[in-house]
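Trainee: Could we go through this model together? I would like to see how each label is earned.
Mentor: Happily; let's put the values beside the cut-offs.

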Amino acid sequence: MLKARSAIQTIPSYHPPLAGREGLRLDFNENTVGCSPRILAHLRQLTAEDLARYPEREAVETRVAQLLQVDPSQLLLTNGVDEAIHLLCQTFLEAGDEALIVEPTYSMYRIYMTGAGARVVSTRAGKNFEFPGVELLSRISPHTRLIAIANPNNPTGTVAPKAELLRLARSAPDAALLVDEAYFEFYGQTLLDKCTGLPNLFVARTFSKAYGLAGLRAGVLVGNAEPMCAVRRVCSPYNVNAVALACLPEALADQVYIQQYVNDVLESRQRLESALAAGGVSYWPSQANFVLARVGTTKQEAVAFTQQMRRRGILVRDRSSDPGCDGCMRITLGPREHTDRLLTAFQETLEELGLAQGVSR
Ligand code: PMP
């Protein structure tokens with residue numbers, strides 16, 4: 001009888017609630033207004049020939065490398081950061097190896113690590129989701145081959161100090177360290193410039209968040225040139241499709257659009273955090289385009305909250321099943337008008353459920 005590899009059978013199932021996302025989508029950390037109009041204009045100019053040909057990554061990789069100020073030999077365009085994670089697992093993990101993560105974090109690390117046959121060693125973040133640098137160091141063993149850290153982290157919005165990430169990379173020279181900077185634009189700090197000097201450090205970026213292109217599936221993996229050769233071996237030459245490749249130079253060229261969107265999100269983040277503080281709702285100060293807030297003590301309360309928000313046309317994400325996130329939901333931020341709608345619905349829901357004194361606008 002046909003059977004999947006035993007590692008595959010142990011992969012935890014992950015079904016993001018993508019169905020029926022009608023309303024204001026503050027549930028998946030996407031850009032809530034969409035990409036630069038220049039990209040749509042460019043899409044309309046694509047020809048049949050553009051689509052008939054197999055896609056060529058190289059020229060676009062050179063452009064992205066210029067923008068990120070790294071050598072093209074250090075950079076690989078990927079089918080989203082998800083593919084970058086998958087490729088690192090394929091490249092560095094063998095059955096029985098250990099892979100480290102800090103929880104709560106992005107679900108796909110565990111999935112790809114498990115799929116590669118590795119044993120996932122998980123360390124819990126601190127009480128307020130502080131980066132557990134010292135504990136993580138103590139978990140490094142001779143079997144550790146991959147460490148994945150989201151910085152800023154999802155779903156908490158918290159960050160890891162640069163010095164601690166560098167110490168981690170230096171303390172585990174036989175392990176690849178992925179610093180996943182999917183939310184970089186909302187934070188502004190990076191380890192990208194350290195990749196040349198640290199052959200086990202990899203940094204990932206995405207076009208899915210600030211750039212508003214989650215549907216196109218485009219990400220970037222940067223590392224030291226030599227280990228990147230190994231990663232490229234396992235990667236399809238056509239992993240990023242022609243439509244995405246055609247759009248990326250336009251996306252990169254319109255930095256004004258990105259900066260404006262990031263500024264809008266930062267203002268909204270400040271507004272939401274102030275309103276939550278004033279209303280007595282627990283939350284964790286975020287460096288990303290979302291905020292994690294505790295709206296109850298149980299999963300039922302968080303679910304009820306997200307359902308009442310949905311009834312008011314606002315989609316937010318229940319995260320109460322994540323480790324340490326009892327009663328929590330995650331709210332994505334967009335520009336001012338989206339935050340107005342969010343805060344109105346949030347206030348009404350709090351009052352309806354009698355959960356807190358209220359959130360002032
Ligand atoms: N890393 C983190 C930390 C994320 O939160 C997400 C998306 N939720 C991803 C990676 C996936 O990004 P992409 O769309 O580029 O695959």
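**Reading the labels**

Mentor: This is a predicted model. In it, an oxygen atom of the ligand is 2.5 Å from an N or O atom in the side chain of T206.

Trainee: What makes that T206 pair a polar contact?

Mentor: A polar contact needs N or O atoms within 3.5 Å, and 2.5 Å meets that, so the label applies. N154 also qualifies, with a polar side-chain atom 2.7 Å from a ligand oxygen, and D82 offers a polar backbone atom at 3.0 Å from an oxygen of the ligand.

Trainee: How much of the ligand does the protein cover?

Mentor: On its own the ligand has 400 Å² of accessible area, and the protein covers 92% of it. The ligand sits in the largest pocket. Around it are 13 residues, of which D180, Y183, T206, S208 and R217 come nearest.

Trainee: Why is R205 said to lie over the face of F184?

Mentor: Its distance from the ring centre is 3.7 Å. The limit is 6 Å, with the charge also within 35 degrees of the ring normal, so R205 counts as over the ring. R330 lies over the face of F290, at 5.8 Å from the ring centre.

Trainee: Why is the pair Y106 and Y109 called edge-to-face?

Mentor: Their planes stand at 85°, and over 60 counts as edge-to-face, so the name fits. The ring centres are 5.7 Å apart, within the 6.5 Å limit for a pair.

Trainee: Is Y109 buried or exposed?

Mentor: Buried, because its relative accessible area is 0% and the cut-off is under 20%.

Technical notes:
Residues numbered from 1 in each chain as written. Predicted model: local features only at pLDDT ≥ 70, side-chain atom pairs only at ≥ 80, totals over all residues. Heavy atoms only, no water. Phe/Tyr/Trp six-rings, centres within 6.5 Å; stacked < 30°, edge-to-face > 60°. Buried < 20%, exposed > 50% of the residue type's maximum accessible area, 1.4 Å probe, protein only. Near = heavy atom within 4 Å. Polar contact = N/O pair within 3.5 Å; in protein donor to acceptor, adjacent residues only side chain to side chain. Areas by Shrake-Rupley, 256 points an atom, 1.4 Å probe, with all protein chains shown as cover. 1 Å grid on protein atoms, 1.4 Å probe; cavity = no way out; pocket = protein on both sides within 12 Å on 5 of 7 lines; lining within 4 Å. Sits in = over half its atoms within 2 Å of the grid points.
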